[in-house]
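Work through the exercises below with the sequence and the coordinates at hand, and try each task before reading its solution.

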Amino acid sequence: MEPILRVENLTHTYSAGTPFQRNAVEGMNLTVMPGEFLGIIGHTGSGKSTLIQHLNGLLRPTSGHIYLDGKDIWAQPKKIRDVRFQVGLVFQYPEYQLFEETVYKDIAFGPGNMGLDKDEIDRRVREGAAFVGLPEDVLHKSPFELSGGQKRRVAIAGVIAMEPKVLVLDEPTAGLDPQGRENILAQIRAYHKSRGTSVVLVSHSMEEVAQNVDRIVVLRDAHNFMDGTPRQVFARAEELERVGLDIPQVTKVALALKRRGLPIDTAVYTVPELERELLRLKGGAV
Amino acid sequence: MLKDITLGQYFPGHTLAHRLDPRTKLLAVVLYIVALFCAKGVVTYAIVMAALATCILVSRVKLRALTRGLKAVYVIVIFTAVMNMFFTGGTPVADVWLLRHITFEGLRTAVFMVLRIIMLIMGTFLLTYTTSPIALTDGLENALSPLKKLHVPVHELAMMMSIALRFIPTLIEETDKIMSAQKARGADFESGSIFKRAKALVPILVPLFISAFRRADELATAMECRCYHGGDGRTALHVLHYKAADYLVMIGFVVLTVGVIVLARMGF
Amino acid sequence: MATMIETKDLTFTYPAEEGREEMPALRNVNLSVEKGSFVVVLGHNGSGKSTLAKHMNAVLLPTGGALYVEGMDTADEAVLLEIRRRVGMVFQNPDNQIVANVVEEDVAFAPENLGIPSDEIRRRVDDALAAVGMENFTRHAPHLLSGGQKQRIAIAGVIAMEPECIVLDEATAMLDPVGRREVLASAHRLNRERGITVVLITHHMPEAVNADRVVVMNDGYLVMDGTPREIFARVGELRAIGLAAPDTVELMDHLNKSGWDLPLEAITVEECADAIYNALAAEEK
């Protein structure tokens, strides 16, 4: 299968030619397959924000290429806006970008910029709102009357309503409490399942990424560090820990048990998985 | 990008020009401007120019940094020059076509006016290049403190100025972020008529204003929590002291200005 | 032990917006924080935890009941400055609490307001920056620092008042894991080395593991109060009010449902591993 998005040898240099010159991203490669749920993880400063702003052409590579459906997105710089409709990007704390008088109008901003007709916009606004669990009566309220969590959903709906082929979310749960976090993640999962389009989830929480995605890309110091299924990545949990990345508590417990001499599989990252593994061990012990 | 804007930029350093008390520098700039506007002839202009050159040399600020500041005003400079050339009465330069309208007197005034603007800008830029914004506000507050007797809210104004300086980079960063977010939703800031472009700014300005108000509100609370209660009884980490160099520089500039005024009166 | 902060039937209702019903954000809260302790206040968004924090140095005043800081009533205007000096507050957004554009000037802000002589301010600024490990950033511009560093500057700005108590009002909520660790480590160090009382407001459960005491808020009520071990053992109740116990406790709770007998007080990774290991070893015998 052909990847829907392919990043090839991407380098981005900030403040080139000044003493502050630095490569935020260096020789990075990335593929996103159609329908895939991909997680990108890394510290602040690992290059993840810079990378994702290249995916929809907000930043232009210093060198390297980005291909969408096999076509270089910068082949025709005048058409870069079309790329932004196909690769929807939800920024961190997206609620701070709301500006319209009503929730409805704000969600309609993206579809409106696409030049769609009124009926189509209406359909998309309602569908987008439904995906993030916004009730109908909220649509005609001012976004500024809503709670923080609801504002964030409006902002996410605004990008979903563009019906992008790839939806990229930068830290969609930042600052939310456990309940709010789980709600947003559940909605993203449901969206992915029913639309079948690709979703890229960017986060610094290993737990969050591990429990939701098919594949994880770990970035470190502007470079690719690991790339694989959650199991493959967490099989190298000790390495992750060594470079200061947060690994899930469950994986930490498994590692601690292994150090105590238990023959345990440490490539686990959710409570039910470790539970199953321990029950297996206990069964063996009896 | 917005981040590249130079606004009252400060180049840290350890030269005499950097070490002087900000009040001294403020006074020096005021005296320099007075001298500049009193200068009339070649001699007086040359004196003021020499003073400026000395300051630039002492401060070790690169000439390129100073001329860069002129970019913003070159339209005004050209406009002034042209106006003076054509609209000053006197002897025409030659009796052909356009040159008939240009007078020797006009040329002379044009050159002096352009010099005056350039030197004015270079002088004030030199002040901001060698004085940190915070020292500048401290200096201003201190220098203007006699006005408190006239119920001018000097402390409040200085506090507002320093908070504005503190938040300029934050708000610029925020503007960049909001612009990117709206571009990601297909906003187009680069094409269309002026009216269309102005309208395209709404999605940036509304979130920016809302955020600025939120920040102001939170900052006010945070300041109160740190026992801020106006300027009464406030002390300072850095207390301003005049040193010998300050007095010498002040005397120097007084002499410069008085000298220029006297010479200009005498027709030089 | 002496009491740092004490609330008596503390009740607070935000002024209602038009057409909305008034809902109390705090209802009859009775809490007393001992001097020198490290207390974590947990709760989901809207549980009232942040409203409670804002009462501790009179940013908000009770609409019912009272709050005392070392015996001083926060409603008494005459002692307002003294209360704010004794109880320092660090807020959520790092950008919106830094006043000056040079680190040392910002840390000096509070002592300047208190009218402290320049030499003493210098000493306090250096001391406060050292206390949060930011002594090498004295002349830096705050907007170029990371989130965690900015919050440590904010903590230093409070330390420079030489307070008895620091309230961290969701001060870690906007930080990445590294920043969160930095801030948490600073708070624990100040508590341990200087005996400063710390009240940490958060919804991030793992931050409560090393506290002396955990208080849980829900719907304006104080619903749980105890040591972290006692609180986390009540996994089911926590889940019911939208909070989650650390995964270690969740794991052991799950295992116990499958017939194991693990102590839910084992809240750290090592303790949890020990408990599981011992249970398996006992099985083998």
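**Exercise 1. The interface of chain B and chain A**

Bear in mind throughout that this is a predicted model.

Task: Describe the interface of chain B and chain A by its residues and its buried area, and then identify the salt bridges that the rule finds across it.

Solution. Begin with the residues in contact, which are 16 in chain B and 20 in chain A. Next take the area: the two chains bury about 1,600 Å² between them, and carbon and sulfur atoms account for 63% of it. Then turn to the charged pairs, bearing in mind that a salt bridge requires a side-chain nitrogen of Lys or Arg within 4 Å of a carboxyl oxygen of Asp or Glu. Across the interface of chain B and chain A this rule finds two salt bridges. A:Asp106 and B:Arg185 meet through their side chains at 3.0 Å, N to O, and five residue pairs, both at pLDDT 80 or more, are in polar contact between the chains. On the side of chain B that touches chain A, α8 (154–184) and α10 (202–225) of chain B each supply at least two residues, and the residues of that side divide into nine nonpolar, three polar and four charged. Finally, a salt bridge at 3.5 Å, N to O, is formed by the side chains of B:Asp188 and A:Arg81. Because B:Asp188 lies in the loop between α8 and α9 (194–200) of chain B, while A:Arg81 belongs to helix α2 (residues 80–86) of chain A, this pair joins two chains.

**Exercise 2. The interface of chain C and chain B**

Task: Which helices of chain C each supply at least two residues of the side that touches chain B, and which helix gives the largest share?

Solution. First establish the extent of the contact, which takes 36 residues from chain C and 28 residues from chain B, with a buried area of about 3,000 Å², 55% of it from carbon and sulfur atoms. Next consider the polar part: the rule finds three salt bridges across this interface, and C:Asp106 and B:Arg226 meet in a salt bridge at 3.5 Å, N to O. There are also 15 residue pairs in polar contact, both at pLDDT 80 or more. The helices asked for are α2 (80–86), α3 (103–107), α4 (109–113) and α5 (118–131) of chain C, and the largest share, five residues, comes from α4(C). Sorted by class, the side of chain C that touches chain B has 17 nonpolar, 10 polar and nine charged residues.

**Exercise 3. The sheet of chain C**

Task: Work out which strands stand at the edges of the six-stranded open sheet of chain C, and say how helices pack on the sheet.

Solution. Write down the strand order, β6-β7-β8-β3-β9-β10, in which the pairing is mixed. The strands at the edges are β6 (87–90) and β10 (221–226) of chain C, each of which has a single partner strand, so one side of each is left without a neighbour in the sheet. From one strand to the next the twist averages 20°. As an example of a parallel pair, β7 (residues 165–169) and β8 (residues 197–202) of chain C are joined by five bridges, and C:Asp169 has C:Ile201 of β8(C) as its bridge partner. Now add the helices: α6 (residues 147–159) of chain C touches β6 and β7, with a direction at about 165° to that of β6(C). Helix α7 (residues 177–194) of chain C touches β3 (38–42), β7 and β8, and its direction makes about 155° with that of β8(C).

Technical notes: Residues are numbered from 1 along each chain as its sequence is written. Chains are lettered from A and ligands numbered from 1 in the order in which they are written. This is a predicted model: local features need pLDDT of at least 70, side-chain atom pairs count only at pLDDT 80 or more; totals for chains, interfaces and linings use all residues. Side-chain values use heavy atoms; hydrogens and water are left out. Contact means heavy atoms within 4.5 Å. Buried area is the accessible area (1.4 Å probe) that two parts lose on being put together, summed over both. A polar contact is a pair of N or O atoms within 3.5 Å; within protein, one must be able to donate a hydrogen and the other to accept it, and residues adjacent in sequence count only if both atoms are side-chain atoms. Helices (H or I, at least four residues) and strands (E, at least two) are DSSP runs, numbered from the N terminus. Ala, Val, Leu, Ile, Met, Phe, Trp, Tyr, Cys and Pro count as nonpolar, Asp, Glu, Lys and Arg as charged, and the others, Gly among them, as polar. Two strands pair if DSSP finds at least two bridges between them. Axes are lines fitted to C-alpha atoms, for helices over the stretch in contact, and angles run from 0 to 180 degrees between N-to-C directions.
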